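Morning, everyone. I have one structure today, and I want to talk about how its parts meet. Please bring it up on your screens.

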Amino acid sequence: MARLTKTTRGWCSPERYVQGPGEFKNIKHYTDKFGKRIVAFIDQFFFEDFTKQLQTYYSGNGYELHTIEFNSEVTEEEIARHAEELKDWNAEVVLGIGGGKTIDVANAVAVPLGIPNIVIPTTAATDAPTSSLSVIYHADGSHKGEFFFDHSPCLVLVDSEIIAKAPVRFLVSGMGDALATLIEAEANRKSDSPNLVYNNDGGFKRTVAATAIARACYDTLLRDGLKAKIACEENKVTEALENIIETNTLLSGLGFENNATAGAHSVNDGITSLPEGAKTYHGEKVAFGTLTQLVIEDASNERLDEVIRFCIDVGLPVCLADLQVPNTAENIRKIAEASMHSCWGSMPFEVNADMVEAAITTADKIGERYKKQYKNALLV
Ligand SMILES: [Zn+2]
């Protein structure tokens, strides 16, 4: 088990975080301090629309804009190819506009080019936008590892109108990812494990700020999650939706990186080892992983009850059937064994595959029972 050997505290975060309705149209204001040569990686789904908008913002006055449609895997080869192609273009700032993979490739390409990166997420589905790492894949789509940078994005710009118009399932999935933040932070605090802030020495001790942010992440979810989901279903930006966008993106992002992950993300990783794992989003699997972690640590009934009711209220999975994974003994064993390669080591006690198998089986049955007996999705 990885344990801290020093008491040195470490923290990382983007230089700036800006969130509000219509903020995308102010992008030029934020890039002007870096220069006039802008390169933007854009998700294929939004490519034409965002290219047109950027062309209007950056027309005349010596601006040069180069947009790249991104629709492949984030591989080392792909990052090197883009960096090589852009080398002589002399870009002064790179934008990553879209979901996780587009953001990850833009951030990774900025490193060899030695230029600042701005992240513009188009959903609030995960806590990746604020982080200083990119997830790297093999060409066949399988997970290869993480590429850690020694700096975070210089700006994360979130346009809440764009988020409100995205499918609500993305927002709910982001709540699942955020739900794990406090539960995993508490495990890391108890075990005194290093956080995920990059250094050559394997992470730092968490700051008081990191602990407070994980708490705020959980409390805001419970208070505003359902209201935000309802607003998003109507494509309306309300204060509760703004709070949840911030929770899913900033609080969850700062929270996981400055505290580290534990059992919930290990179960997510275990589920992705099954073919059915691809049917659901990251945060949906993490939500069930959170229940599993609470079972393995024998959390209080009040905490379990609170988490399960929240998941049912907003529509997050509470059992394997919700994740479209048949709850056979064989599947559960596979998830448990695959999850052992992840971050159970940051729990405050030794965890083995038998314990995880028992916890998944039990969490699944508890979730099924709640689904039968608890149906009210009211605010109090
Ligand atoms: Zn996550």
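The C-alpha centres of domain 1 and domain 2 sit 27 Å apart. Keep in mind that this is a predicted model. Where do the two domains run? Domain 1 covers 16-165, and domain 2 covers 168-379.

Now, the contact. Domain 1 puts in 23 residues, and domain 2 puts in 24 residues. How much area do domain 1 and domain 2 bury between them? About 1,900 Å². Of that, 64% is on carbon and sulfur atoms.

Which residues should you click on in domain 1? Try A124, D127 and A164. Together they supply 29% of the area that domain 1 buries against domain 2. No other three residues supply more.

What about polar links? The rule finds 0 salt bridges across the interface of domain 1 and domain 2. Polar contacts are another matter. There the rule finds 9 residue pairs across the interface, with both residues at pLDDT 80 or more.

Next, the elements. Look at the side of domain 1 that touches domain 2. Three elements give two or more residues there: β1 (16-20), β8 (155-159) and α5 (160-165). Which of them gives the most? That is α5, with 5 residues.

Last, the classes. On the side of domain 1 that touches domain 2, count 11 nonpolar residues. Then add 8 polar and 4 charged ones.

So to recap the interface: about 1,900 Å² buried between domain 1 and domain 2, 0 salt bridges, and 9 residue pairs in polar contact. Thanks for listening.

Notes. Residues are numbered from 1 along each chain as its sequence is written. This is a predicted model: local features need pLDDT of at least 70, side-chain atom pairs count only at pLDDT 80 or more; totals for chains, interfaces and linings use all residues. Side-chain values use heavy atoms; hydrogens and water are left out. Domain bounds come from an automatic or database domain assignment. Contact means heavy atoms within 4.5 Å. Buried area is the accessible area (1.4 Å probe) that two parts lose on being put together, summed over both. A salt bridge is a side-chain nitrogen of Lys or Arg within 4 Å of a carboxyl oxygen of Asp or Glu. A polar contact is a pair of N or O atoms within 3.5 Å; within protein, one must be able to donate a hydrogen and the other to accept it, and residues adjacent in sequence count only if both atoms are side-chain atoms. Helices (H or I, at least four residues) and strands (E, at least two) are DSSP runs, numbered from the N terminus. Ala, Val, Leu, Ile, Met, Phe, Trp, Tyr, Cys and Pro count as nonpolar, Asp, Glu, Lys and Arg as charged, and the others, Gly among them, as polar.
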